[in-house]
Amino acid sequence: MTVRNCMPRYVNIALPVPAGKLFSYHVPDTVSGPLVGVRALVSFRNRELTGVIVEELAAPPTTPTKPVIELLDETPLFSEALLRFTRWVAEYYFCSWGEVLKAALPPGMVPERDATVCLLRTPTEEELAALEHRAPKRAAILRLLMQHAGPISVGYLTRQLHSESLSAQLQALEHQGYIALETRAPALPRARTLRALELAEELRSEPERFRTLMEHLQHRSPAQARLLSVLYAHAAHSTAPLPLREALRRSQTSTTTLRHLLQQGYVREVTLEAPENVLEADEPRLAERNELLLPLNPEQDYAVRRIAEALEAGVPKVFLLRGVTGSGKTLVYMHAIHIALEHKKSVLVLVPEIALTPQLIDRFRMAFPQRIAVLHSRMSPGERFAAWRAIRRGDVPIVLGARSAVFAPLPSLGLLIVDEEHEPSYKQEDPAPRYHARDCAVMRAHMEGAVTILGSATPSLESMYNAHTGKYHLLELKQRADGARLPSIRLVDLRDARRQHRLRGNFSDELLAALQQRVERAEGVILFHNRRGFARWLQCPDCGYIPMCAHCSVSLTYHKVPKLLRCHYCGYSTPVLEECPQCGSPTLEEIGSGTQRIEEELHELLKTAFPQLRIARMDTDTTTRKGSHRRLLHQFARGDIHVLVGTQMVAKGLDLPHVTLVGVINADMQLFLPDFRASERAFQLLTQVAGRAGRRSDAPGEVLIQTAHPEHPVLVAVQTGNDELFYHDELQHRKAALYPPFTRFVVVELSGVDEEKVHQHAHFFASCIPPHPAVLKLGPAIPTVVRIRNRFRRVVILKNLKPLDPAAHHLRSVLRTALAKYQRRYAVSSVRLTVDVDAYGML
Ligand code: ADP
Ligand code: ZN
Ligand code: ZN
């Protein structure tokens, strides 16, 4: 008989709050089994929060502990490896472990008992006054929220307003876009399921019996025989059941046939958790062939061999696969994946944005049917949860997803691929953890002994530098696959065009002529213009007045469809002014151009010559609906759309063979942004968008770039393709100015509604930073956009010299010291302070 030991089990829990420590709780001793990696609901400062148990303590802590309210998992959700990795992320990006664990879990898996409300958009006085009459409770809610800096709980709101329930009001406010509700999800999301079939056990294990049965059925019911043989063939190479729909399709049989077989017990029906968001029936496919069947060209072959060697040796090498646009990097990925799977390893593929890469997803699905889980931002919580569990169990060996997929719980990870590794969308800006998925992938691979492939035609300076120093291994694809040549690139000088009256609106005669030629030949055209809306802003010709956002210090963008002035920072919109509110002047001028105007101008210019011409626009305004991006691309690929006008969306990874002309309306917009990465970004964007042209050998591509600065080094590099020179010069420049990759660039941002207060806080924080030879301090400075969403901003910048501080230990100790000192003075405050390590955002 065992004596009941009444000591509870003590655990440390990482909670999703910005605190640099863990919190101790206890669990009754009646609970058995492992606790580390299990989610727990606990009470924390009068709230209920979900955290993850990260260690079990051998002895009770010195201070009394509260009990865990509820354990949310039967078995650990996080493996030891994933816990170790997430802890590194928290340390490096200077946030709490709990915040990282929360980001790692699919949304909907962090149930918070009490929902919280946060203010998205502050109403204007007029809006408030109007609400006051119609809906006083809603107005009161908004007023309360405006008094508080951060989110507040529904419970608190209800008490403050002496109300029974506010759900109707809150829903209305959410619908109007004023607030966001973070609701709790008390029950775990339901997994989406799939019906599937398998052969009865005795038929699978006794071939003799199967043969007899088949002979018997051959004549009496050929349909039943067909279905059985499909299932038999499937079982020969897979232990997984075959989805019902697929089984019926392959055998050309009906559900009646199936019913007979089920009744006789020859076939069993099972329920599968669908690991993958299956395409909606009406979504067009964007890939038709299995590329794995293509023979590798010599450059690809060499790259695959090097990667295979590393996979076989099991060493965590990092390869930088630098391949010109259209060189067939995807095929190298596919072969590497194939080899990893043969070694019984799993594979993680990161892409910049799932919604923007439907074509790449389809290409992977064609190559690895049934073996790939795609983590979609538009998946329901249930679908995500099903996918997470299937991945955790090891049911799907390949996971493809955006940034947060770097936390996917793949067991025995062997290969990580980061496609378009230079893309800024790999960096999370807000909220914490402000991590860079590429850098995290490299670290995770290192911890788990996996191989990494970073792929790009235009690698980041960070990765190029790491390749130069030997930290990464460079693999190059210098030729386009399949014999296609890189497009010829011409710069069109806008100054000459204007002087010689060869400019109509935004179009030079050269660009128009090239366009007309392609349209006549029924070839595809992409026009790149990196600003949406119609005009950049409106301006009064008499007094210079420019309509500004009521909540941010930026001008409003003029949109023609629907006709509105819109803030691209906070989403605020207002009707277009008919006259100048300052001087009464009857017209406001439209300054600058967005994609809407480009589309309209082109339509006007070509409508007489080509009345049938179809132009479409691709930007965030036209692709918000589910599947719209995919449909647009499909129509363009089929030739139903002739010209695609778009923002940087059109620069991303499209492989459309019929596109032979790419036009850049104005390259200068990219060149002069106030950001040390402006040149790098411009070079990448322009090279990528140019690379969409002429991707098949039978249709050579041409690129026309309009600019008033044809001598700019970035444009020279893009045109000549001499990127070595560009990288060399840019690295020299970064080195001299102490920018990444030679330093870590850390931005500490302070923000709040009271500018004076923010200013004081920023100065105090800067004064708290202890001097250190490895950490240079700049500021506090006023960022270019001083106010966003009603919050005034100040930044303090730290440059951490990597040679003096390779693992960022000194940086962390400096930051910790400064924060501790700062928090001693301002323990509770309406000023928000955030730390962004390896920051990307513009200042
Ligand atoms: P990248 O990603 O490097 O820009 P892709 O992987 O999109 O290039 O490849 C460009 C095109 O070349 C695709 O249509 C691809 O199927 C084709 N391709 C790649 N490798 C080969 C090959 N070895 N033989 C024939 N076609 C290839
Ligand atoms: Zn005016
Ligand atoms: Zn705004």
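What geometry do the four donor atoms give the site of the zinc ion (ligand 2)? The close-ups below start there, and every one of them shows a predicted model.

**Figure 1. Four cysteines hold the zinc ion (ligand 2).** The site is tetrahedral, with angles of 105 to 114 degrees among the four donor atoms. For a yardstick, the ideal angle for four tetrahedral donors is 109.5 degrees. The protein donors are the SG atoms of Cys540, Cys543, Cys580 and Cys583, and they lie 2.2 to 2.3 Å from the zinc ion.

**Figure 2. How the zinc donors are laid out along the chain.** Read in sequence, the donor residues follow the spacing C-x2-C-x36-C-x2-C. Take Cys543 and Cys580: Cys543 sits in the loop between strand 24 (537-539) and strand 25 (557-559), while Cys580 sits in the loop between strand 27 (573-574) and strand 28 (589-591), so this pair ties together parts that are 37 residues apart in sequence. Their surroundings are worth a look too. Cys543 is partly exposed, at 33% relative accessibility, whereas Cys580 is buried, with a relative accessible area of 2%.

**Figure 3. Sequence neighbours Tyr92 and Tyr93 pair edge-to-face.** This is one of 20 aromatic pairs that turn up in a search of the whole structure. The centres of the Tyr92 and Tyr93 rings are 4.8 Å apart, and there are 75 degrees between the planes. Tyr92 counts as buried at a relative accessible area of 14%, and Tyr93 is buried as well, at 1% relative accessibility.

**Figure 4. Phe765 and Tyr822 bring two helices together.** Here's another edge-to-face pair: Phe765 and Tyr822 are 5.7 Å apart centre to centre, with 85 degrees between the planes. Phe765 belongs to helix 26 (residues 755-768) and Tyr822 to helix 27 (residues 809-825), so the contact ties together parts that are 57 residues apart in sequence. Both residues are tucked away: Phe765 is buried with a relative accessible area of 0%, and Tyr822 is buried with 4%.

**Figure 5. A ring cluster, with a charge over one of its members.** Zoom out a little from the previous pair and ring pairs link Phe765 and Tyr822 with Phe764 and Tyr826 into a cluster. Phe764 also has a charged partner: the charged end of Arg825 sits over the Phe764 ring, 3.8 Å from its centre.

**Figure 6. Lys799 over the face of Tyr739.** In this last view, Lys799 lies over the tyrosine ring, at 4.1 Å from the ring centre.

Definitions and conventions. Residues are numbered from 1 along each chain as its sequence is written. Chains are lettered from A and ligands numbered from 1 in the order in which they are written. This is a predicted model: local features need pLDDT of at least 70, side-chain atom pairs count only at pLDDT 80 or more; totals for chains, interfaces and linings use all residues. Side-chain values use heavy atoms; hydrogens and water are left out. Donors are N, O and S atoms within 2.8 Å of the metal (3.2 Å for Na, K and Ca); water is not among the atoms, so sites may look incomplete. Four donors count as tetrahedral if all angles lie between 85 and 135 degrees; four count as square planar and six as octahedral if opposite donors are over 155 degrees apart and all others between 65 and 115; anything else is irregular. Helices (H or I, at least four residues) and strands (E, at least two) are DSSP runs, numbered from the N terminus. Buried means under 20% relative accessible area, exposed over 50%, partly exposed in between (1.4 Å probe, protein chains only). Rings of Phe, Tyr and Trp (its six-membered ring) pair if their centres lie within 6.5 Å; planes under 30 degrees apart count as stacked, over 60 as edge-to-face and the rest as tilted. A charge sits over a ring if NZ of Lys or CZ of Arg is within 6 Å of the ring centre and within 35 degrees of the ring normal.
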